[in-house]
Amino acid sequence: MPPDIPSDPTTLFVTTHIHTDGPIPGPHSLLTLTSAAHRADGVPTGTFTANLRELPGATLHPASLQDWRTRAGDWLATRRAARPPALATIAYARWVERLPGRAVFVAEHDSQDYLFVYWYLQRFAGEWPFAGSLSAASSPIRPARAAEACVLASCRTAPGPGLAAAG
C-alpha cells in the first residue's frame, strides 16, 4: 500500500469488513463483503454488503471450520442470499465507481481485507476501482466503521481484528 494519499474534499475513505473460510483467496473463499464509504469528517456516504457463494473447488480451512462451528448462526447468515462471486464482485466494483468522490481503500496492516478484496476484484471484475490504498494508521476513518454494517451477531457483540482472520 502507498504510504500516504493526499486528501482533498472529494476523497472518500472506504473501510471494509470481510468474513472468509480460510487464510488466502483461491483455495478459500470470501463469504461476506461489507464496505462503508465516509468523507474525511466522518460523514457516511454509502454502504455495500453482500454474501458470496464459495469458489468452485475451494475448501473450508480446518482452523476456520473450528471457528465457524462456534458460530453456527453466523455461518448460516453468511449463506443467506449468497450471490455468485463474479456477480457480487462486479456489483461491488460498480458501487465503488459510483461513489461521489475519489475512493481510497483503507485496511489494517495485518488484516485479510486488502488481500481478499484485491484478489476478488482482479479475478472477477478485472480491475482495482480505487484511486489508492491507505493503512488504517494513515486514515482519518478507522476500519471498524465497516464492521458496524456487518449483519453477523458476532460483529455486533465483539468486533475485532481477529474476526476476518478467523471467519
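This is a short tour of the structure above, one selection at a time.

**Before you start**

You're looking at a predicted model, in which local features need pLDDT of at least 70 and side-chain atom pairs count only at pLDDT 80 or more, while totals for chains, interfaces and linings use all residues. Residues are numbered from 1 along each chain as its sequence is written, and side-chain values use heavy atoms, with hydrogens and water left out.

**Stop 1: the whole chain**

Show everything as a cartoon. You should find seven helices and five strands. Here helices (H or I, at least four residues) and strands (E, at least two) are DSSP runs, numbered from the N terminus. Trace the chain along its sequence and the pattern reads β-β-β-α-α-α-β-α-β-α-α-α.

Of the 167 residues, 49% count as buried. Buried means under 20% relative accessible area, exposed means over 50%, and partly exposed is in between (1.4 Å probe, protein chains only). Now think about contacts, meaning heavy atoms within 4.5 Å. Among contacts between residues at least 6 apart in sequence, 75% join residues at least 24 apart.

**Stop 2: the sheet**

Select the five strands. They form an open, mixed sheet in the order β3-β2-β1-β4-β5. At the edges sit β3 (44-51) and β5 (132-135), each pairing on one side only. From one strand to the next, the twist averages 25 degrees. Two strands count as paired if DSSP finds at least two bridges between them. In general, strands of a sheet pair through backbone hydrogen bonds, either parallel or antiparallel.

Walk across the sheet, starting from β3:

- β3 and β2 (residues 30-39) are antiparallel, with seven bridges. Click on H38 and look for its bridge partner in β3, P44.
- β2 and β1 are antiparallel too, joined by nine bridges. Here T15 stands opposite A36 of β2.
- β1 and β4 run parallel, with five bridges. Select V14 to find F105 of β4 opposite, then L12 to find A103 of β4 opposite.
- β4 and β5 also pair in the parallel sense, over four bridges. V106 has L134 of β5 as its bridge partner.

**Stop 3: the covered strands**

Select β1 (11-20). How many of the residues of β1 are buried? The count is 10 of 10. Turn the strand and you'll see that both faces are covered: T11, F13, T15, H17 and H19 are on one side, with L12, V14, T16, I18 and T20 on the other.

Next door, β4 (102-107) has five of its six residues buried, so β4 is largely enclosed by the rest of the structure.

**Stop 4: a glycine in a loop**

Go to G22, in the loop between β1 and β2. Is G22 buried or exposed? With a relative accessible area of 1%, G22 is buried. Now add H61: the two are 39 residues apart in sequence, but their C-alpha atoms are 4.8 Å apart. Leaving aside neighbours within four places in sequence, G22 is in contact with H28, H61, S64, Q112 and F116.

**Stop 5: helix α2**

Select residues 72-79, helix α2, and colour its buried residues: D74, A77 and T78. They cover an arc of only 100 degrees around the axis, which puts them on the same side of α2. (The arc is that of the directions from the helix axis to the C-beta atoms.) After α2 comes A81, whose phi is positive, near 50 degrees.

**Stop 6: helix α3 and its partner**

Select α3, residues 85-98. This helix lies across β1, β2, β3 and β4, at about 175 degrees to β3. Axes are lines fitted to C-alpha atoms, for helices over the stretch in contact, and angles run from 0 to 180 degrees between N-to-C directions.

Add α4 (residues 113-125): it packs against α3 at an angle of about 105 degrees, and the axes are 9 Å apart. That makes α3 roughly perpendicular to α4, since 65 to 115 degrees counts as roughly perpendicular, under 35 as roughly parallel, over 145 as roughly antiparallel and the rest as oblique. To see the contact, show P85, A86, T89, I90, Y92 and A93 of α3 with V117, Y120, L121, F124 and A125 of α4.

Finish on R94, also in α3. At 31% relative accessibility, R94 counts as partly exposed. The C-alpha atoms of R94 and A125 are 9.2 Å apart, and 31 residues separate the two along the chain.
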